[in-house]
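Hi,

Here is the structure I said I would pass on. Have a look at it first, and then read my notes below.

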Amino acid sequence: MKKRLAVIVGGRSSEHEVSLVSGESVIEGIDTDKYDVKIIVISKEGEWLLAPNTEALKDGSWKESKVKAVISPDAKDKALLVFNENGSVEKLAIDAVFPVLHGLYGEDGTIQGLFELAGIPYVGCGVIASAVGMDKWYTKQVVDTTGIRQARFVPVYRDELKEMDKVIDKIEKAYPYPYFVKPSNAGSSKGVSKAADREGLKKALLLAAEHDRKILVEETIVGRELECAVLGGFDVKASGVGEILAAAEFYDFDAKYNNAESKTVLSPELPEGKTEEIREAAVKIFKALDGYGLSRVDFFLENDTNEIVFNEINTLPGFTAISMYPMLWKEQGLDKKALIDELINLALRRYEG
């Protein structure tokens, strides 16, 4: 008998569109002989709608759905509540949830908390790992305990920007230009920019503040951008290493999704021992955050020192055609269908016993 799987896509974050593409890819990789798939799209306004198929994700017709579908928080239900057009409510038992949600309200522990309340197995990291991994401030504090080097930063609150000159003075005293300015809670490099002078820093701070009330101003690490995928529960495996060759000055949202000149290289040539160092660091960071299921861990290989520098962790990485996470596992012989099957199995095993 097939298990029923709810796949949730979209969401209220700035990565809504990326999530739709990732979701479409994930759904196409699910073994339909094993799973009956129900697709839920969360609109940018937070409305939960039942989509009929992946075509509705591609052409946007999911927006025309009149059928709402939500996860019941009642642990006795373990169900999807479907509100039909005729006013009836259907309760569909759910065996597991695959949240293909990037950014706030999907990757930050909030929806994971709902699944925990509902007692429904779900793919990916739990509440703590999702929340900490999404918040770059707290990620840095956890990674500090591992001894792995990371970029130094100056924390800034949005409210502090009312005294912009005071904030900029504080930053300039800490490190020399240029800086990378990031919202603490945002993905796909949304709101991230580079500041080379005082005026540029002001603009960068205001841009980051549009995305979050907490901002990081990081020292610039000049080096190669490298990524490693991790997979597992109590036994965590690391993939090989991939390299990002950004078409722009850095790998921002536009360079990732809109610039065909940006490229990814699988198994790049690295100095002796560095591939294994990155793989070990990725697993160590994942475990330090109490990760489960999957994550992508990003690093720099600094030009002048050849040192590995941790950049950030993504606890629900993309599954688009250009996403590094599935490509890294395919390079290891685990194709997308097998990878997705393993992720669902991990979700189910976490709740066994």
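**Around Glu312**

Leaving out residues up to four places away in sequence, Glu312 touches Lys136, Lys182, Arg296, Val297 and Asp298. Before I go on, bear in mind that this is a predicted model. Glu312 sits in strand 16, and Asn314 is found in strand 16 as well. I looked both up: in an unreviewed entry, UniProt lists Glu312 and Asn314 under "binding site". Of these residues, Glu312 and Asn314 are included in the lining of the second largest cavity.

What does Asn314 touch, again not counting residues up to four places away in sequence? The list is Glu107, Ser295 and Arg296. Asn314 has a relative accessible area of 14%, and it counts as buried because that is under the 20% cut-off.

Arg296 turns up in the contacts of Glu312 and in those of Asn314. Its side chain also meets that of Asp298 in a salt bridge, at 2.9 Å from N to O. Are the two partners buried or exposed? Arg296 is buried, at 9% relative accessibility, and Asp298 is buried too, with a relative accessible area of 5%.

**The sheet behind it**

Strand 16 belongs to an open sheet of 5 strands, in the order 14-13-12-15-16, with antiparallel pairing. Its edges are strand 14 (263-266) and strand 16 (308-314), each of which pairs on one side only. From one strand to the next, the twist averages 30 degrees.

Further in, strand 12 (residues 223-232) and strand 15 (residues 293-302) run antiparallel and are joined by 10 bridges. If you want a spot to check the register, Glu225 stands opposite Phe300 in strand 15. Helix 9 packs on the sheet, where it touches strand 12, strand 13 (236-245), strand 15 and strand 16. The direction of helix 9 makes about 120 degrees with that of strand 13.

**Salt bridges within helices**

How many salt bridges does the structure hold? The count is 24. As a reminder, side chains of opposite charge can pair when their charged atoms come close.

Helix 9 (residues 274-288) has one of them, since Glu276 and Arg279 both lie there, 3 residues apart, or about one turn of the helix. The closest N and O atoms of Glu276 and Arg279 are 3.0 Å apart. Glu276 is partly exposed, with a relative accessible area of 38%, and Arg279 counts as partly exposed at 23%.

Helix 2 (residues 54-59) holds Glu55 and Lys58, which are 3 residues apart, about one turn of the helix. Glu55 forms a salt bridge with Lys58, with 3.4 Å between the closest N and O atoms. Both are partly exposed: Glu55 has a relative accessible area of 42%, and Lys58 is at 45%. Follow this pair outward and you find a network of salt bridges that links Glu24, Glu28, Glu55 and Lys58.

**One loop residue**

Last, Pro73 lies in the loop between strand 4 (68-71) and strand 5 (79-83). Leaving aside neighbours within four places in sequence, Pro73 is in contact with Leu114, Leu117 and Ala118. For a sense of scale, Pro73 and Asp144 are 71 residues apart in sequence and 36 Å apart in space, C-alpha to C-alpha.

Cheers

Note on methods:
Residues numbered from 1 in each chain as written. Predicted model: local features only at pLDDT ≥ 70, side-chain atom pairs only at ≥ 80, totals over all residues. Heavy atoms only, no water. Salt bridge = Lys/Arg side-chain N within 4 Å of Asp/Glu carboxyl O. Helix = DSSP H or I, 4+ residues; strand = E, 2+ residues; numbered from the N terminus. Buried < 20%, exposed > 50% of the residue type's maximum accessible area, 1.4 Å probe, protein only. Contact = heavy atoms within 4.5 Å. Pairing = 2+ DSSP bridges. Axes fitted to C-alpha atoms, helices over the stretch in contact; angles between N-to-C directions. UniProt positions renumbered as here; feature names shortened; annotations may be inferred. 1 Å grid on protein atoms, 1.4 Å probe; cavity = no way out; pocket = protein on both sides within 12 Å on 5 of 7 lines; lining within 4 Å.
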